[in-house]
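Here are some notes for a reader who is new to this structure. They take up the aromatic rings and then a surface patch.

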Amino acid sequence: MASHHPQKRLVGPLGRARGLGSAKHGLQHWWAQRVSAIALVPLTLWFIFSVVDLTGADQARVHDWLSRPASAILMSLFIVAMFYHLSLGVQTVVEDYVHREGVKLTALLLVKGLIVLTAAAALFTVLRVAVGS
Amino acid sequence: MAEAAPPPRTRPISPFLFPPTGTYRWQMTSTMSILHRASGVALGVGTLLLTWWLLALLGEPSDFDAVQEFLGSIFGRILLLGWTWAVFYHLCNGIRHLVWDTGHALTLPNVYRGGWTVIVLSVVLTLVTWVAGYSFR
């Protein structure tokens, strides 16, 4: 009951949770999910706005749009933040519903592998279009 | 001490059960929670389509037309409509979660108020996006 002794702490709940866990990374997943979520708020709004603007566009017009530096930079950031956020979220879903260790590990490796592959393809496309040829 | 158990009517009942019948009571909070997860997974599947769309930029113009034709079909439009709502729901509800993370709006009335705000906003933003999409064509 000694821990119930009322004491003023200068550390908040978040500060106290940081560095916990056997590898001191107990909060890392949670924190990374929040940081990527915050980054995705403006990036997603920009992406939706761009896609609406490109409704029905042909290849030349979309290519022209993506080759502009602002589009290429924001699209690259969107891809990185989105696939990172997706990877963290899917990991939580798999860990919540799959309980057999071997199946869980296999599912995580497969899903995360697919995410990395898709992310690389998307990012490569943006760089290829932006740099030219 | 050795009293009989209280009559069933006065026994405390789980907040997830309807008081008269004891049947499971639907809650908006749990539904919104699982919808957040479901919309996230759906958007994850949608990244495959986004990547296909991007990769088509590197092919022939006809390759890109094929993707656009699929997206413009009835089936494609239904998928896009679903993803539009999913992205706005996940975005709005994600912001609701971020607010909770700061320790705010955690009272029951505020949780429900935020929930209705997210539902209405996600539908309105979906409609606005589609109206804009059709007018920009």
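1. Over all chains, a search of the whole structure, which is a predicted model, finds 8 aromatic pairs. One of them joins B:Trp130 and B:Tyr134. The ring centres of B:Trp130 and B:Tyr134 are 6.1 Å apart and their planes meet at 45°, so the pair is classed as tilted, given that angles under 30 degrees count as stacked and those over 60 as edge-to-face.

2. Both residues of this pair, B:Trp130 and B:Tyr134, belong to helix α4 of chain B, which covers residues 108-136. They are 4 residues apart, about one turn of the helix.

3. Is B:Tyr134 buried, partly exposed or exposed? Its relative accessibility is 42%, so B:Tyr134 counts as partly exposed, a class that lies between the limits of 20% and 50%.

4. Chain B also holds an aromatic cluster: B:Trp52, B:Phe70 and B:Phe75 form it together.

5. On the surface there is a nonpolar patch built from residues of two chains: A:Leu114 and A:Leu117 with B:Val41, B:Val45 and B:Leu48. Together these residues have about 450 Å² of accessible area. The elements giving two or more residues to the patch are α5 (101-131) of chain A and α1 (28-55) of chain B. The largest share, 3 residues, comes from α1(B).

6. A:Leu114 of this patch is located in helix α5 of chain A. With a relative accessible area of 47%, A:Leu114 is partly exposed; this value is over the 30% required of patch residues.

Technical notes:
Residues numbered from 1 in each chain as written. Chains lettered and ligands numbered in written order. Predicted model: local features only at pLDDT ≥ 70, side-chain atom pairs only at ≥ 80, totals over all residues. Heavy atoms only, no water. Patch = residues over 30% accessible without salt bridge, like charges linked within 9 Å, V, L, I, M, F, W, Y side chains within 5 Å. Areas by Shrake-Rupley, 256 points an atom, 1.4 Å probe, with all protein chains shown as cover. Salt bridge = Lys/Arg side-chain N within 4 Å of Asp/Glu carboxyl O. Buried < 20%, exposed > 50% of the residue type's maximum accessible area, 1.4 Å probe, protein only. Phe/Tyr/Trp six-rings, centres within 6.5 Å; stacked < 30°, edge-to-face > 60°.
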